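Trainee: Could you walk me through reading burial and charge pairing in a model? I'd like the general idea and then the case at hand.

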Amino acid sequence: MATVKWPHFFHFSAPHSVVNTPAHRPDTRRSKSYGRSCVEPPSLFWQTPGHLTTLGHRIPTSRRAAKSHNITTKVDPEQVALLIKNEWKLSHVTPLYRFRHTQLKLYSKHLAAFIIAEKQQGVAVEVGVEAGFKVTFSAVLGIAETKEDAETVFIQVHSKPLFSADTPKAVWRGWLTCVNGDPEYLRSLPPDFVSLPLFCSSGPEYLTALVKSWFERTFDCSFGSLYLNSTMLNWLAALWTGCHPTSNIRYLKLAWNMPSQPPLDIAYTVNPQDAWELWNSIHTEDSTDDRINIEEVQLFMNGLEIHFFRHFKIYLSAGTLTKVSTALGSAHHDGKIKIGSSDYITTLLTLLTECALMKTPV
Amino acid sequence: MALLTPYSKIPELNTATVLLVENEEQFQSRLADAIVQQEKDINVNVRLARKLPLPVENSETRPRIDLVVFIVNLLSERSLQAAESSLSHLGPDYFLGKLCFLVTDARCGAVPQERLLSVRRLAASHHCPVIYAEHQTEDGITMTAMRVLTILKVSAGLSPVATTALYLSTFTRCTFPSDFDED
């Protein structure tokens, strides 16, 4: 066989030739080219201490089990009730520049003026009888868990009707929050920045767009839709099922979408006691170590899928999991959540904050 | 259990055969058409399969397969599971440069990152390259066909410059990618 000359022009990204492979590859380059919807960060960032880059790499494989918190001891129950009522659409936000929790009244006035001005300009397409808007910003104290988390901010937009006899009714609600955010990341932010990465909104789309554009202009941040991928929904299913003994979840409903012709939607409802027994057999209740691993979550979902296959001969893993719901709340893969009960709200928000932090492009 | 082996049949003159294995059977036919249209100089046979092992009935008439491409669609977990289970039906000679993974929908934001990581780990542990394909546009399919053809020509021994194992090892890292894990 003829000897072959080594083709040097085929060197792509291998920083070392095949001949002498170092036993331990020096970490000279990190490539973040998978799955992110953003461009690779500019080389400027590689100069700063590596805290900012650790976010994208560290996909957590284990979590603390959900703890029931009677959150009403820390937070005003009226405000908690506001959080529970609606279905929220999620977005992730980059850190806000010079956002002060002390100036909330000023922000309310500015935002109200902005909405009215935009409406007069004809930007908003809704035709309504509202003559004016009143905005209230309020800080919901007690939701933030660690000392690095910024306090949650709740925003309500009321419409002031033409005739002052009617009471103003809330047409739009939203809140920005950060619960148990990655402490290294939060500490590494420059001093003027406040990170409230999770933004939840409920109300007409035009108002959401107006509020977002006001925030973008005032605080130089940027919003993006937060989608919950199947891993996140699997975590929620497992965490909520694990809560069953202390707080009855009443049902575990999973909705799948199968890519068949025509597309098939499957709603899979599991009796909570059965789901809990399955979960318990995988993750035994151990009071010393209450961390849950991703493998246990995958085994749990696998168990449910195999059971379904045994009966219907359909592989659920060929489709996408679109919705998980229990009495504690529901999460849709488009980024919509509903909080059913105030008990486990902290765990849910921790998960969502982490998801938001991972998706923000900084 | 009969394993698929590359060297059990005699190669034909100026011919190369590629086997595209895909569980969903969506992308393989379009890719096959593009590959066949691209190549004018040599005879390219494209065989399609859903999974391995291949049916025993055709094993006499089947030509020698020079390259096996596993097409994994990241949108479904099942795709990856099927590829993993098919992997055990390949003879060991295929892992020296006659196998590659083709991944579609890698840029989709809805895909959990762990899935792509598992594909990369799987490929790296077998020292196989991973090609990322864009299957929704004509240009994407043509580009993928060109890349598969380039690798196919080397695997079939039709390229005068490179031999398979050495060529493909420039695509793949020789060490297990430990920088995927947490620091």
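Trainee: Is Ser76(B) buried or exposed?

Mentor: Keep in mind that this is a predicted model. Buried means under 20% relative accessible area, so Ser76(B), at 5%, counts as buried. The residue sits in the loop between strand 3 (67-73) and helix 2 (77-87) of chain B.

Trainee: Which residues is Ser76(B) in contact with, leaving aside neighbours within four places in sequence?

Mentor: Ser317(A) and Ala318(A) from one chain, and Glu24(B) and Arg115(B) from the other. Closer in sequence, a polar atom of the Ser76(B) side chain lies 3.3 Å from the backbone nitrogen of Ser79(B).

Trainee: And how do I read charge pairing?

Mentor: Side chains of opposite charge can pair when their charged atoms come close. Here, Arg115(B) forms a salt bridge with Glu77(B), at 2.9 Å from N to O. That pair links distant parts of the chain, with Glu77(B) in helix 2 and Arg115(B) in helix 3 (residues 113-125) of chain B, 38 residues apart.

Trainee: How buried or exposed are Glu77(B) and Arg115(B)?

Mentor: Glu77(B) is partly exposed at 29% relative accessibility, whereas Arg115(B) is buried at 8%.

Trainee: How many salt bridges are there over all chains?

Mentor: Four. Among them is Asp66(B) with Arg64(B), whose closest N and O atoms are 3.4 Å apart. Asp66(B) is buried at 4%, and Arg64(B) is buried at 16%. Another joins Asp192(A) and Arg98(A) at 3.8 Å; those two are 94 residues apart, each in a loop of chain A. Asp192(A) is partly exposed at 28%, and Arg98(A) is partly exposed at 44%.

Key. Residues are numbered from 1 along each chain as its sequence is written. Chains are lettered from A and ligands numbered from 1 in the order in which they are written. This is a predicted model: local features need pLDDT of at least 70, side-chain atom pairs count only at pLDDT 80 or more; totals for chains, interfaces and linings use all residues. Side-chain values use heavy atoms; hydrogens and water are left out. Helices (H or I, at least four residues) and strands (E, at least two) are DSSP runs, numbered from the N terminus. Buried means under 20% relative accessible area, exposed over 50%, partly exposed in between (1.4 Å probe, protein chains only). A polar contact is a pair of N or O atoms within 3.5 Å; within protein, one must be able to donate a hydrogen and the other to accept it, and residues adjacent in sequence count only if both atoms are side-chain atoms. Contact means heavy atoms within 4.5 Å. A salt bridge is a side-chain nitrogen of Lys or Arg within 4 Å of a carboxyl oxygen of Asp or Glu.
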